[in-house]
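Please look at the model shown here and follow how its helices, aromatic rings and selected single residues are placed. The report takes these topics in turn.

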Amino acid sequence: MNTIAILGAKGQVGQELQAMLHPLGKLECFTHQSLDLSQPNTIAATLIPLKPNIIVNAAAYTAVDLAEQEVDLAHRINAIAPTQLAVVAQTLNAKLIHISTDYVFDGTQGSPYRPTDIPNPISVYGQTKWEGEKGILNHCEHHWILRTAWVYGTYGQRNFVKTMLKLGAERPELRVVADQIGSPTWARSIAAAIAALIRTSATQTVPSGIYHFTNSGAASWYDFAIAIFEEARALGIPLQVEQVLPITTSDYPTPARRPSYSLLCCQDILPFLDRPPLYWREALRQMLEEWRNLDPISRN
């Protein structure tokens, strides 16, 4: 039986992973409180006695703008900690599954990025995530690095969908950036993809390396916001917002630069999945249906 260690177990992907991976082995779940990745020197002492044969890192420093100030903290969590996880995985001869990001790219390519395209991050967040990837590639033989994008979830905090629902319930007018393009991706879809990789690897070889996975299709943040409000209204979720205005990135300056185009080519992972990725709007609809039925405390 697999022993699977999940880091970031209370995050939006981590909570979905617990449900998805439960049938695949014994789970050892770690939150920020039980394994603090800002203290990477604690990782080996915590994980090695448990002898997991699969380690899934769903934890990260994801405050993209704040990372421009908290450079050292972002570096410890996103770069040093994954490297230490790689050392531990190599010591245990375990598989390391690590979630990374489209923000390792600069967004200037104009066509979907393949796993073999060379990263060129334009933010501290993107740079530290890339350094984490390199640490894994250099220190762990058995690994899957899964780059994804624009993640939101039913659970956890601080995602675009929940922010839009909150603002849309409070304000009649919103302004949303329309010149950044990506693929909104439901946390459950990511967890399902990871579960599929693990199941598939039991019967065939899934080569180590970098894979891209997102829900299918493309949208701007403006498109995403419009879809959130349309789907929410169709489900009877109360909103005050009457108008959403498209703006440019320059109209809404932020401390961190974002890639203007960060679609990921997911072709390489498709043979190992149970089914093709959901279209992003269908995934959004399913998430909102579930979110609507949660009690108010669980919605936060």
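Helix 1 and helix 6 are oblique to each other, because angles under 35 degrees count as roughly parallel, over 145 as roughly antiparallel, 65 to 115 as roughly perpendicular and the rest as oblique. The axes of helix 1 (residues 12-21) and helix 6 (residues 187-201) cross at roughly 40° and come within 8 Å of each other; such axes are lines fitted to C-alpha atoms, for helices over the stretch in contact, and angles run from 0 to 180 degrees between N-to-C directions. Helices (H or I, at least four residues) and strands (E, at least two) are DSSP runs, numbered from the N terminus.

This is a predicted model, in which local features need pLDDT of at least 70 and side-chain atom pairs count only at pLDDT 80 or more, while totals for chains, interfaces and linings use all residues. Residues are numbered from 1 along each chain as its sequence is written, and side-chain values use heavy atoms, with hydrogens and water left out.

**Two helix crossings**

The crossing of helix 1 and helix 6 is right-handed, where a crossing is left-handed if the near helix is turned anticlockwise from the far one by less than a right angle, and right-handed if clockwise. On the side of helix 1 the contact (heavy atoms within 4.5 Å) involves Gln-12, Val-13, Glu-16, Leu-17, Met-20 and Leu-21, and on the side of helix 6 it involves Ala-187, Arg-188, Ile-190, Ala-191, Ala-192, Ile-194, Ala-195 and Ile-198. By class, this contact of helix 1 with helix 6 holds eleven nonpolar, one polar and two charged residues, where Ala, Val, Leu, Ile, Met, Phe, Trp, Tyr, Cys and Pro count as nonpolar, Asp, Glu, Lys and Arg as charged, and the others, Gly among them, as polar.

For helix 7 and helix 8 (residues 280-292), the axes come within 10 Å and cross at roughly 45°, which means that helix 7 is oblique to helix 8. Helix 7 and helix 8 also cross in a right-handed way. Asp-223, Phe-224, Ala-227, Ile-228, Glu-230, Glu-231 and Ala-232 of helix 7 meet Trp-280, Arg-281, Leu-284, Arg-285 and Leu-288 of helix 8 in this contact, and by class the contact has seven nonpolar, no polar and five charged residues.

One residue of helix 7, Glu-231, is buried, with a relative accessible area of 7%; buried means under 20% relative accessible area, exposed over 50%, partly exposed in between (1.4 Å probe, protein chains only). Not counting residues up to four places away in sequence, Glu-231 touches Arg-281, Leu-284, Arg-285 and Leu-288.

**Aromatic pairs**

The structure holds ten aromatic pairs, where rings of Phe, Tyr and Trp (its six-membered ring) pair if their centres lie within 6.5 Å, and planes under 30 degrees apart count as stacked, over 60 as edge-to-face and the rest as tilted. Two of these pairs are set out below.

| Pair | Centre to centre | Angle between planes | Arrangement |
|---|---|---|---|
| Tyr-103 and Tyr-125 | 5.8 Å | 75° | edge-to-face |
| Tyr-152 and Phe-224 | 5.6 Å | 55° | tilted |

The pair of Tyr-103 and Tyr-125 links distant parts of the chain, with Tyr-103 in the loop between strand 4 (95-101) and helix 4 (124-139) and Tyr-125 in helix 4, 22 residues apart. Both Tyr-103 and Tyr-125 are buried. The pair of Tyr-152 and Phe-224 also links distant parts of the chain, 72 residues apart, with Tyr-152 in strand 6 (residues 151-152) and Phe-224 in helix 7 (residues 221-234). Tyr-152 counts as buried at 0% relative accessibility, and Phe-224 is buried with a relative accessible area of 1%.

Tyr-152 and Phe-224 belong to one aromatic cluster together with Trp-150, Phe-160, Trp-221, Tyr-279 and Trp-280. Within the loop between strand 5 (143-148) and strand 6, Trp-150 has a positive phi of about 50° although it is not a glycine, and at 7% relative accessibility Trp-150 counts as buried.

**Further single residues**

Lys-51 likewise has a positive phi of about 50° although it is not a glycine; Lys-51 is found in the loop between helix 2 (43-47) and strand 3 (54-57) and counts as exposed at 62% relative accessibility.

Lys-129 lies in helix 4 and counts as buried at 2% relative accessibility. Among the residues that Lys-129 touches, not counting residues up to four places away in sequence, are Ala-60, Asn-78, His-98 and Thr-101, and the C-alpha atoms of Lys-129 and Thr-101, 28 residues apart along the chain, are separated by 7.2 Å.
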